[in-house]
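Here's a quick walk through one protein chain. Have the sequence and the 3D view open as you read.

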Amino acid sequence: MNWKSKENKELVEAILSLENFDEATAFLRDLLTESEIKEFAMRLKVAKMLSENIPYLTIENETGFSSTTVARVSKWLKTGMGGYTNIINKLHHNSLNQAGRGLHS
């Protein structure tokens, strides 16, 4: 995969330019089919479950994904470019911040 091609760079720049949830939702909905959105959301869920050391069989039963797909996500989680780990950490950090704000409201 050539991440430095003009088209790929423009896609990444487009994603980086999104400013809020509504913009991201609108862009992803126009860019992807509903089934692609569901697929990507479930892959993220699988990565989160793997990072919590949830067994493959439990993940397969909860997500409906095959063991091959779970293994593929696991491979990228462990040996990919760190994207899954980075976003899982950010999501965890954001949820902790929101929970903390709720305690002081």
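What follows goes from the overall fold to a helix pair, then to one helix and a few residues worth a click.

## The overall picture

First off, this is a predicted model. It's a helical protein through and through: six helices and zero strands, so to speak α-α-α-α-α-α when you read the elements from the N terminus on. Along the principal axes, the C-alpha atoms fill a box of roughly 45 × 40 × 25 Å.

How much of the protein counts as buried? The figure is 15% of the 105 residues. As for contacts between residues at least 6 apart in sequence, 32% of them join residues at least 24 apart.

## Helices α1 and α2

Start at the N-terminal end with α1 (residues 6–17) and α2 (residues 21–31), whose axes come within 9 Å and cross at roughly 150°. Since angles over 145 degrees count as roughly antiparallel, that crossing makes α1 roughly antiparallel to α2.

Which residues make the contact? On the α1 side they are Leu 11, Ala 14, Ile 15 and Ser 17, and α2 brings Glu 23, Phe 27 and Leu 31. Sorted by class, that contact has five nonpolar residues, one polar and one charged.

## Arg 29, on α2

Staying in helix α2, have a look at Arg 29. Is this residue buried or exposed? Neither, quite: Arg 29 is partly exposed, because its relative accessible area is 39% and partly exposed covers what lies between the 20% and 50% cut-offs.

Leaving out residues up to four places away in sequence, Arg 29 touches Glu 34 and Ile 37. Both of those partners carry numbers that fall within α3 (residues 34–51). If you want a distance to check in the viewer, try Arg 29 to Leu 44: they're 15 residues apart in sequence, and their C-alpha atoms are 17 Å apart in space.

## Helix α3 and its buried side

Helix α3 has 18 residues and reaches 26 Å from its first C-alpha to its last, close to the 26 Å expected at 1.5 Å a residue. Its buried residues are Val 46, Ala 47, Met 49 and Leu 50. They cover an arc of only 160° around the axis, so they sit on the same side of α3. The general rule behind this kind of pattern is that an α-helix has 3.6 residues a turn, so residues three or four places apart point the same way.

After α3 comes Asn 53, with a positive phi. That value is about 60°, although Asn 53 is not a glycine. You'll find Asn 53 in the loop between α3 and α4 (56–63). Asn 53 counts as exposed because its relative accessible area, 67%, is over the 50% cut-off.

## Leu 50 and Leu 77

Back in helix α3, zoom in on Leu 50. Its relative accessible area is 11%, so Leu 50 counts as buried. What does Leu 50 touch, not counting residues up to four places away in sequence? The list is Tyr 56, Ile 59, Val 70, Val 73, Ser 74 and Leu 77. Lys 6, on the other hand, is 44 residues away from Leu 50 in sequence and 34 Å away in space, C-alpha to C-alpha.

One of those partners, Leu 77, belongs to helix α5 (residues 67–79). Leu 77 is buried too, because its relative accessible area of 16% is under the 20% cut-off. With neighbours within four places in sequence set aside, Leu 77 is in contact with Ala 47, Leu 50 and Ser 51, and also with Tyr 84, Thr 85 and Ile 88. Two of the buried residues of α3, Ala 47 and Leu 50, turn up in that list. For one last distance, the C-alpha atoms of Leu 77 and Glu 52 are separated by 12 Å, with their positions 25 residues apart along the chain.

Terms used: Residues numbered from 1 in each chain as written. Predicted model: local features only at pLDDT ≥ 70, side-chain atom pairs only at ≥ 80, totals over all residues. Heavy atoms only, no water. Axes fitted to C-alpha atoms, helices over the stretch in contact; angles between N-to-C directions. Helix = DSSP H or I, 4+ residues; strand = E, 2+ residues; numbered from the N terminus. Parallel < 35°, antiparallel > 145°, perpendicular 65-115°, else oblique. Contact = heavy atoms within 4.5 Å. Nonpolar A, V, L, I, M, F, W, Y, C, P; charged D, E, K, R; others polar. Expected span 1.5 Å × (residues − 1). Buried < 20%, exposed > 50% of the residue type's maximum accessible area, 1.4 Å probe, protein only. Arc of directions from axis to C-beta.
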